[in-house]
Amino acid sequence: MATENGNNFEASLFKTADKLRKNIDAAEYKNVVLGLIFLKYISDSFQELYAQLEADEYSDPEDRDEYIAENCFFVPEEARWKSLQAKAKLPEIGIAIDAAMEAIEKENAELKHVLPKVYAKPNLDKASLGQLIDVISDIELKAQGESSKDLLGRVYEYFLGEFANAEGKKGGQFYTPKSIVKLMVEMIEPYKGRVYDPACGSGGMFVMSEKFVEEHQGNIQDITIYGQESNQTTWKLSKMNLAIRNINSQFVAWNTEGSFLKDAHPDLKADFILANPPFNQKEWGHDVLQEDGRWKYGIPPAGNANFAWMQHMLYHLAPNGVMATVLANGSLSSNTSGEGEIRKAIVKADLVDCIVALPKQLFYNTGIPATIWILRRNRVGAGLVPALEQGQPQGTTRTLFIDASEMGFMKDRVHREFSDTDIEKIVRTYHRWRATKVAPPIADDSGSEASASQGYEDIKGFCKSATLADIEKHSFVLTPGRYVGIPDEEDDGIPFEDKMKDLTTTLAAQMQKEKELDEQIKTQLAKIGFEL
């Protein structure tokens with residue numbers, strides 16, 4: 001652990017680094033800071049292997065092939081952290097860092113055009129830059145019981161979130177808050193297979209998927225990630241973020257056209273899809289994509305890409321795949337420009353596994369509430385809804401609705417966040433509900449069969465397992481509040497008559513006090529010559 005508990009160390013470090021920002025915009029400064037953290041990380045990784053090779057009489061620590069064999073970036077001598085730290089107080093430090101970035105890209109093809117080369121810019125104070133190098137150099141001194149590399153990975157992730165916060169709306173374009181990503185990942189459990197994010201931002205979905213695999217004693221080599229990003233600066237952040245986590249980003253692509261107009265993975269069928277695409281995107285290429293094969297459930301409207309994103313993901317979903325995507329709440333109920341018909345077609349195709357209503361103020365780029373859609377192919381074939389296989393009516397298909405709109409806590413004045421307890425409650429509810437659909441009846445101690453549904457039950461005001469017939473009654477509007485209802489108020493045991501007696505007594509006392517205050521006001525006005 002780091003010296004301080006929780007995120008205290010990262011918070012303290014960010015505060016120190018932010019003080020050195022001076023008059024530079026946060027959007028620009030994040031590239032300066034995150035680039036240096038990445039440089040420190042790969043330099044530390046290099047030095048760790050360098051020391052091992054140096055101790056081996058049959059190895060050459062300056063042989064680039066030795067590092068390639070160990071999947072480690074080769075860092076030329078002039079780009080190593082110790083070399084740069086020695087020049088930290090010199091006025092040409094910015095030029096030296098840019099040259100170091102160039103040298104690293106030259107030696108490592110996968111980093112070509114990725115690293116920031118912004119350190120020689122005249123608006124970047126070189127004295128502050130030297131101090132920033134010292135601040136980042138201190139990270140390894142703070143690592144107790146964990147490697148400085150692991151700590152640098154945590155620092156990079158924490159800084160991404162803080163810069164997103166500082167940038168406000170723009171920050172939401174490259175960063176999805178950690179608690180939302182964690183919830184989505186734990187719901188769909190990407191243990192093994194192809195993981196895809198068509199709007200991957202800084203790569204948070206991939207990083208959390210890797211954490212999930214590790215925490216559940218899986219093998220990170222069992223998942224392969226595929227992504228696409230249209231903003232080059234954000235793509236660079238993702239490449240560095242993934243490299244720090246030792247995640248292969250070979251299939252994380254960038255092009256200016258984006259996933260709709262120039263799909264970087266046209267033949268991909270992903271086992272897991274995780275995404276937080278732009279909400280209610282207006283300009284998305286409707287005029288040139290009307291005949292596109294991705295719109296199986298209906299052509300999305302020109303002025304809103306919500307169902308274009310959803311259908312793009314469904315197009316890329318494997319026969320037994322599952323996806324989790326965040327969309328604006330309007331996607332649940334809008335009937336304009338054919339959106340209602342598209343939603344109806346997706347529901348009738350038996351794809352909607354779960355809908356989770358989120359609270360307001362979770363995101364950096366908008367205060368409006370949003371929704372997580374969990375869509376799953378082959379729900380029957382995977383063992384879900386076994387009644388359908390027995391020839392029973394389509395109405396036995398079920399969708400889980402969860403209303404989490406009142407959950408979470410205010411992290412600061414404007415941002416809400418889910419606690420680990422909140423996430424656990426939602427995830428447990430979803431997994432128990434899924435288990436009821438796949439588990440056969442089990443025998444209890446008396447030998448009689450007990451229902452597999454004992455693990456899940458509807459909770460008024462929170463969750464409801466709804467049939468297709470239920471959804472049809474609501475005209476295919478999927479707002480969870482319509483299904484879960486309003487929670488019952490707990491009876492406090494005080495009779496109504498007693499409550500009314502107390503209330504009327506309090507009201508009478510307040511009205512008497514009001515009269516007394518009115519008289520005092522009249523008296524004071526009379527003293528200065530005004531009568532009421």
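What percentage of the 532 residues in the chain is buried? Buried residues make up 49% of the chain. The model on display is predicted.

**The whole chain.** Begin with the full chain selected and coloured by secondary structure: 20 helices and 13 strands are assigned. A surface representation covers about 26200 Å² of exposed area, of which carbon and sulfur atoms supply 49%. Should a contact map be at hand, consider the pairs at least 6 residues apart in sequence; 71% of these contacts join residues at least 24 apart.

**The open sheet.** Next, select the 9 strands that form an open sheet, which follow the order 3-2-1-4-5-7-6-8-13 with mixed pairing. Its edges are strand 3 (252-254) and strand 13 (463-467); each has a single partner strand, so one side of each lacks a neighbour in the sheet. On average, and with direction ignored, neighbouring strands of this sheet are turned by 15° against each other.

**Strands 1 and 2.** Within the sheet, select residues 193-197 and 223-229, which are strand 1 and strand 2; their pairing is parallel and extends over 5 bridges. Display Y196 together with Y226, its bridge partner in strand 2.

**Helix 10.** Add residues 204-215, the helix that packs on the sheet and touches strands 1, 2, 3 and 4, the last of these being residues 270-275. The direction of helix 10 makes about 165° with that of strand 2.

**Helix 13.** Finally, select residues 306-315. Helix 13 lies across strand 1, strand 4, strand 5 (317-328) and strand 7 (370-376). Relative to strand 5, helix 13 runs at about 160°.

Methods. Residues are numbered from 1 along each chain as its sequence is written. This is a predicted model: local features need pLDDT of at least 70, side-chain atom pairs count only at pLDDT 80 or more; totals for chains, interfaces and linings use all residues. Side-chain values use heavy atoms; hydrogens and water are left out. Helices (H or I, at least four residues) and strands (E, at least two) are DSSP runs, numbered from the N terminus. Buried means under 20% relative accessible area, exposed over 50%, partly exposed in between (1.4 Å probe, protein chains only). Contact means heavy atoms within 4.5 Å. Accessible areas come from the Shrake-Rupley method with a 1.4 Å probe; for residues, only the protein chains shown count as cover. Two strands pair if DSSP finds at least two bridges between them. Axes are lines fitted to C-alpha atoms, for helices over the stretch in contact, and angles run from 0 to 180 degrees between N-to-C directions.
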